Amino acid sequence: MAKLFRAVIMGPPGSGKGTISERIAHSFGLKHLSSGDFVRENIAAKTEAGVQAKTYIKKGLLVPDHVMTRLLLPRLGDDQIQLVVRWYVGFPRTLAQAEALNSACDLDVAINLNIPLETLKERLRHRWIHPPSGRVYNMCFNPPRVQGIDDITGEPLIQQEDDRPEALVARLRHYKDVAKPVIDFYKAKGILYTFSDTETDRIWPNISALLSTKIPAIQTDARCASTH
């Protein structure tokens with residue numbers, strides 16, 4: 001079998017990972033599945049790893065490395081899955097997770113979204129989510145059809161406690177501390193590409209151009225992109 005294409009997308013909360021992942025999926029024919037989807041599926045199915053993950057999430061804690069790897073690595077090893085894994089709550093989120101992923105498969109590209117702090121704060125201040133599905137809305141540029149209500153289910157949206165201004169700076173500082181070793185890891189491997197701007201629409205053409213040069217050389221009918 002020809003080589004499959006695998007990539008990771010990294011970035012802090014509010015950096016646009018979800019939007020970029022969806023555009024990659026649409027433009028390059030890659031199926032978009034997020035690590036958050038895997039976590040929710042396992043919690044709903046009450047798998048052993050899902051039950052473990054739920055105990056951490058209910059306490060407002062990040063799911064630890066050993067649980068995330070149990071949840072995700074079996075799916076990443078499936079060559080039929082064309083995967084875009086998002087960073088937050090994503091994979092790899094830590095150096096240990098990046099090393100575990102590296103042992104499971106070879107990555108071709110690591111995309112790092114470097115967004116100014118003030119832009120992140122403004123985006124997250126307007127962000128509301130539908131917890132059961134993970135759907136994200138922004139009241140400025142991606143609002144729900146009915147304020148406070150999920151478009152698909154009609155269920156209420158919430159604003160996460162750690163998206164609120166008083167918690168946000170600490171959250172972003174924590175991300176920076178955890179992400180640096182992962183960024184350095186992929187930089188050392190020579191596959192890191194960093195994109196900086198205040199608007200996703202200005203970043204996207206550059207990411208699209210990069211992937212257009214990378215994917216055709218290794219693209220087959222069974223393509224796989226894996227990205228947190």
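**Strand β1 and the cores around it**

Me: Which residue in β2 stands opposite M10?
Reply: This is a predicted model, where local features need pLDDT of at least 70 and side-chain atom pairs count only at pLDDT 80 or more, while totals for chains, interfaces and linings use all residues. Residues are numbered from 1 along each chain as its sequence is written, and side-chain values use heavy atoms, without hydrogens and water. Strands (E, at least two residues) and helices (H or I, at least four) are DSSP runs numbered from the N terminus. In β2, the residue opposite M10 is N112.

Me: How many bridges join β1 to β2?
Reply: Strands pair if DSSP finds at least two bridges between them. β1 and β2 (residues 109-114) run parallel, and the bridges joining them number 4.

Me: Are the two faces of β1 covered or uncovered?
Reply: In a regular strand, side chains alternate between the two faces of the sheet. On one side of β1, A7 and I9 are buried (under 20% relative accessible area, 1.4 Å probe, protein chains only). V8 and M10 on the other side are buried too, and both faces are covered.

Me: Which element gives the largest share of the largest nonpolar core?
Reply: Such a core joins buried Ala, Val, Leu, Ile, Met, Phe, Trp, Tyr and Cys residues through side-chain atoms within 4.5 Å. This one has 24 residues, and V8, M10 and L71 are among those touching the most other members. With 6 residues, the largest share comes from α7.

Me: How many residues are in the second, separate core?
Reply: I9 belongs to this core, as do V109, W204 and I207. Its residues number 22.

Conventions:
Buried < 20%, exposed > 50% of the residue type's maximum accessible area, 1.4 Å probe, protein only.
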